[in-house]
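Visitor: I am new to this structure and would like to learn how to read it. Where should a reader begin?

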Amino acid sequence: MAELARASAPPRTVDDVLNDVTATARELMPGADTVGVLLIGRGGKFESLAGTSELPHTLDEIQMQSGEGPCVEAALNESILRTDDFRTEERWPLYAAAAVEHGVFSGLSVKLYTADRSAGALNMFGFKPNAFDAEDETIGTVLAAHAAAAILASREGEQLKSAMATRDRIGQAKGIIMERYGVDEMRAFEMLKQLSQDSNVKLADVAQRVIDTRSGA
């Protein structure tokens, strides 16, 4: 775990971190034959990421189509869900039957996090019954927290970049208005706000329109 944390210290993509997490899960859990991450957004849109094979992506597809399964339920509701044998699993009969057809008999799903726009789970699958125990649940919880931190940090970074880009657009628009109408910075900003309110258009979009008029777009 210390090595995983150090490897994630330099700036890296979310995909890189999630690939490390799923690979580490396979390494630390003897029963984890394949591992993946499922993210679910608003409206049921989902992403199947960082699979150590194609099988986790296939199982995620089955869950989203059938509307049931441990990965979905862990992401949206429960913290930890474990199945010792899908042949006797009654909570998700459609998914359980499909898992067995694909040679999966055990499963362990751990919630990553739940945010306003999305939820997620780290999912381990075993080709033998009773592949996971309480120690694996603890390992999965630690790894899931690590993955969640990477995802949330990335989204905060994206929001910061977006905010900075918006600020820059507004600054450019103010400069154009100041030059064009001979007004000061405060008056230029007031004109932008008034135009935004009158046209019911976001301030950043109004600023972009002003910039476009200068470039002839």
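Guide: The turns below take up salt bridges, a helix and a loop residue. Keep in mind that this is a predicted model.

Visitor: How many salt bridges does the structure hold?

Guide: There are six salt bridges. In one of them, K174 pairs with E185, with the closest N and O atoms 2.9 Å apart. K174 lies in helix α6 (residues 134–181) and E185 in helix α7 (residues 185–199), so this pair ties together parts eleven residues apart in sequence.

Visitor: Is K174 buried or exposed?

Guide: Burial is judged by relative accessible area, and buried means under 20%. K174 counts as buried because its relative accessibility is 15%. E185, at 47%, counts as partly exposed.

Visitor: Why would salt-bridge partners sit three places apart in a helix?

Guide: An α-helix has 3.6 residues a turn, so residues three or four places apart point the same way. Here, K193 and E190 both belong to helix α7 and are three residues apart, about one turn. Their side chains form a salt bridge of 3.7 Å, N to O.

Visitor: How is the length of a helix such as α3 read?

Guide: Compare its span with the one expected at 1.5 Å a residue. Helix α3 (residues 55–66) has twelve residues and reaches 16 Å from first C-alpha to last, close to the expected 16 Å. Its buried residues include L55, L59 and I62. After α3 comes G67, with a positive phi near 75°.

Visitor: Where is D85 found, and what does D85 touch?

Guide: D85 is in the loop between β3 (80–83) and α5 (93–101). Leaving aside residues up to four places away in sequence, D85 touches F105 and P129. The side chains of D85 and R87 make a polar contact of 2.9 Å.

Conventions: Residues numbered from 1 in each chain as written. Predicted model: local features only at pLDDT ≥ 70, side-chain atom pairs only at ≥ 80, totals over all residues. Heavy atoms only, no water. Helix = DSSP H or I, 4+ residues; strand = E, 2+ residues; numbered from the N terminus. Polar contact = N/O pair within 3.5 Å; in protein donor to acceptor, adjacent residues only side chain to side chain. Contact = heavy atoms within 4.5 Å. Expected span 1.5 Å × (residues − 1). Buried < 20%, exposed > 50% of the residue type's maximum accessible area, 1.4 Å probe, protein only. Salt bridge = Lys/Arg side-chain N within 4 Å of Asp/Glu carboxyl O.
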